Protein chains: 2
Amino acid sequence: MVQNLIEHINSITPLTEEEEGIVAELVREKTLARKQFLHRAREVAQYSAFVVEGCLRSYAVDRNGFEHILQFAPANWWISDMYSFVKNKPSELNIDALLETKVLLLSRSCQVSIFDRIPKLERYFRILTENALAASNHRTINYLSLPAKVRYEKFCTMYPTLINTIPQKSVASYIGITPEFLSKLRAEF
Amino acid sequence: MVQNLIEHINSITPLTEEEEGIVAELVREKTLARKQFLHRAREVAQYSAFVVEGCLRSYAVDRNGFEHILQFAPANWWISDMYSFVKNKPSELNIDALLETKVLLLSRSCQVSIFDRIPKLERYFRILTENALAASNHRTINYLSLPAKVRYEKFCTMYPTLINTIPQKSVASYIGITPEFLSKLRAEF
DNA sequence: TTCAATTCTTAATCTAGATTAAAAAAAAAT
DNA sequence: ATTTTTTTTTAATCTAGATTAAGAATTGAA
């Protein structure tokens with residue numbers, strides 16, 4: 001399990017064997033059943049999770065009880081409630097498993113304390129966060145400027161694997177439409 | 001001018017006087033007239049800009065020629081096309097000045113090269129990027145779950161200063177509605 | 001100042017996507 | 001295997017917000 005994470009870090013900032021050992025000590029393995037929560041709204045997010053296998057999602061629930069998906073995390077992705085994790089404040093997101101999922105958990109205090117010992121890890125997370133911000137910006141622009149049909153097409157080419165793994169209504173939630181309307185779009189091929 | 005940036009960095013990761021001197025060497029001052037471009041779509045973003053005075057905006061232009069604002073940068077904010085800046089690829093955003101604006105420019109190569117000499121700066125940018133990602137996530141959730149009227153109200157409380165400085169149609173563009181519809185919303189108090 | 005260019009407002013009309021409801025299909029659980 | 005739960009589809013109706021158009025108000029340039 002930890003080997004997956006080590007390889008991911010090595011692909012961005014190669015570590016020495018000693019550093020790899022330290023990383024292995026930092027994280028905790030956990031297996032989540034389908035629909036099991038990793039984090040609930042109103043609590044403070046203690047952990048950031050690296051998905052080894054399976055898929056998680058983060059989402060907010062609005063006033064009317066509708067879910068809105070912020071992020072999917074398939075294998076080799078990190079997921080957390082960044083706001084809550086960083087500011088140590090309760091927040092509005094839930095994180096749960098779309099399928100049975102194996103994760104590695106890293107607490108914020110562990111993460112921050114390791115940055116002084118292994119600056120490479122601060123670089124690793126700095127780069128991941130830059131990439132995540134670029135992706136988030138891209139999503140915002142898509143949302144502002146493209147109609148639902150095009151957003152759906154883009155989603156399909158961007159996440160070809162997810163399309164066949166997750167329920168269609170989750171895709172609808174992510175691209176910001178109702179499942180009924182997505183069904184209608186798909187009917188027009 | 002540089003003093004504004006130094007103070008901002010010191011508020012997050014305090015620097016020694018020597019380090020402050022190095023930072024001062026890294027950046028280049030520039031003044032932009034109203035409507036002047038800092039960066040144009042299809043070019044590679046060479047610089048990230050720290051706004052000392054005035055206000056910049058980044059925006060995309062869609063197929064129909066409509067502008068969609070991604071970010072406002074008033075004093076003490078950084079702005080760039082993160083995707084282009086980080087990946088060194090041409091991208092889809094324009095950055096220009098809403099008013100006469102003074103900025104400090106930092107090139108990506110300068111930025112990256114300084115991280116080894118002054119790890120505090122890598123921390124500074126890591127923290128800024130984390131905050132920006134948390135804010136961007138929040139915006140996405142707002143988009144997915146709130147009607148236009150509420151998004152406008154939130155914008156007003158979030159950016160009380162901007163409301164009186166920038167044209168109303170820019171607010172509409174940022175919250176994702178037409179200026180006509182914003183005008184209608186405002187008419188209902 | 002005055003003139004030209006933007007920006008803002010109002011109002012009528014239109015449409016992408018929401019809502020509601022019900023049945024069909026698929027997936028989980030027992 | 002059967003039942004229960006969840007997901008997907010279809011279709012009718014509705015609405016938030018877009019579009020179009022034109023005049024009024026601001027702003028900026030000369």
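This is a short conversation about two protein chains and two DNA strands in a predicted model.

Reader: Let's start with DNA strand C. What makes a residue count as being near DNA strand C, and which residues come nearest?
Author: The cut-off is a heavy atom within 4 Å of the strand. Around DNA strand C there are 15 such residues, and the nearest are A:Ala148, A:Thr178, B:Gln168, B:Lys169 and B:Ser183. On the DNA side, 74% of the strand C atoms that come within 4 Å of the protein belong to sugar and phosphate.

Reader: How do you know that B:Lys169 makes a polar contact with DNA strand C?
Author: A polar contact needs a pair of N or O atoms within 3.5 Å. An N or O atom in the side chain of B:Lys169 is 2.6 Å from a phosphate oxygen of DNA strand C, so the pair qualifies.

Reader: And what puts A:Thr178 and A:Ala148 in that class?
Author: For A:Thr178, a side-chain N or O atom is 3.2 Å from a phosphate oxygen of strand C. For A:Ala148, a polar backbone atom is 3.2 Å from a phosphate oxygen of strand C. Both pairs pass because the limit is 3.5 Å. As for elements, two or more residues each come from α9 of chain A and from α8 and α9 of chain B. The most come from α9(B), with 4 residues.

Reader: Now DNA strand D. Which residues come nearest there?
Author: Out of 16 residues around DNA strand D, the nearest are A:Gln168, A:Lys169, A:Ser183, B:Ala148 and B:Thr178. Sugar and phosphate make up 76% of the strand D atoms within 4 Å of the protein.

Reader: How do you know that A:Ser183, B:Ala148 and B:Thr178 make polar contacts with strand D?
Author: Set each distance to a phosphate oxygen against 3.5 Å. The side chain of A:Ser183 has an N or O atom at 3.0 Å, a polar backbone atom of B:Ala148 is at 3.1 Å, and a side-chain N or O atom of B:Thr178 is at 3.2 Å. Each pair is within the limit, so each counts. Elements giving two or more residues here are α8 and α9 of chain A and α9 of chain B, and α9(A) gives the most, with 4. By class, the surface near strand D has 6 nonpolar, 4 polar and 6 charged residues.

Reader: Let's move to the helices. Why is α1(B) called oblique to α2(B)?
Author: Their packing angle is about 130°, with the axes 10 Å apart. Roughly perpendicular runs from 65 to 115 degrees and roughly antiparallel needs over 145, so α1(B) is oblique to α2(B). The crossing of these two helices is right-handed.

Reader: Which residues make that contact?
Author: B:Val2, B:Leu5, B:Ile6, B:Ile9 and B:Asn10 of α1(B) meet B:Glu20, B:Val23 and B:Ala24 of α2(B). By class that gives 6 nonpolar, 1 polar and 1 charged.

Reader: And why are α6(A) and α8(A) called oblique?
Author: Their angle is about 120°, again with axes 10 Å apart. The roughly perpendicular range ends at 115 and roughly antiparallel starts over 145, so oblique is the word for α6(A) and α8(A). Their crossing is right-handed. A:Ala148, A:Arg151, A:Tyr152 and A:Phe155 of α6(A) make the contact with A:Val171, A:Tyr174 and A:Ile175 of α8(A). By class, these residues are 6 nonpolar, no polar and 1 charged.

Note on methods: Residues numbered from 1 in each chain as written. Chains lettered and ligands numbered in written order. Predicted model: local features only at pLDDT ≥ 70, side-chain atom pairs only at ≥ 80, totals over all residues. Heavy atoms only, no water. Polar contact = N/O pair within 3.5 Å; in protein donor to acceptor, adjacent residues only side chain to side chain. Axes fitted to C-alpha atoms, helices over the stretch in contact; angles between N-to-C directions. Parallel < 35°, antiparallel > 145°, perpendicular 65-115°, else oblique. Left-handed = near helix turned anticlockwise from the far one by under 90°. Contact = heavy atoms within 4.5 Å. Nonpolar A, V, L, I, M, F, W, Y, C, P; charged D, E, K, R; others polar.
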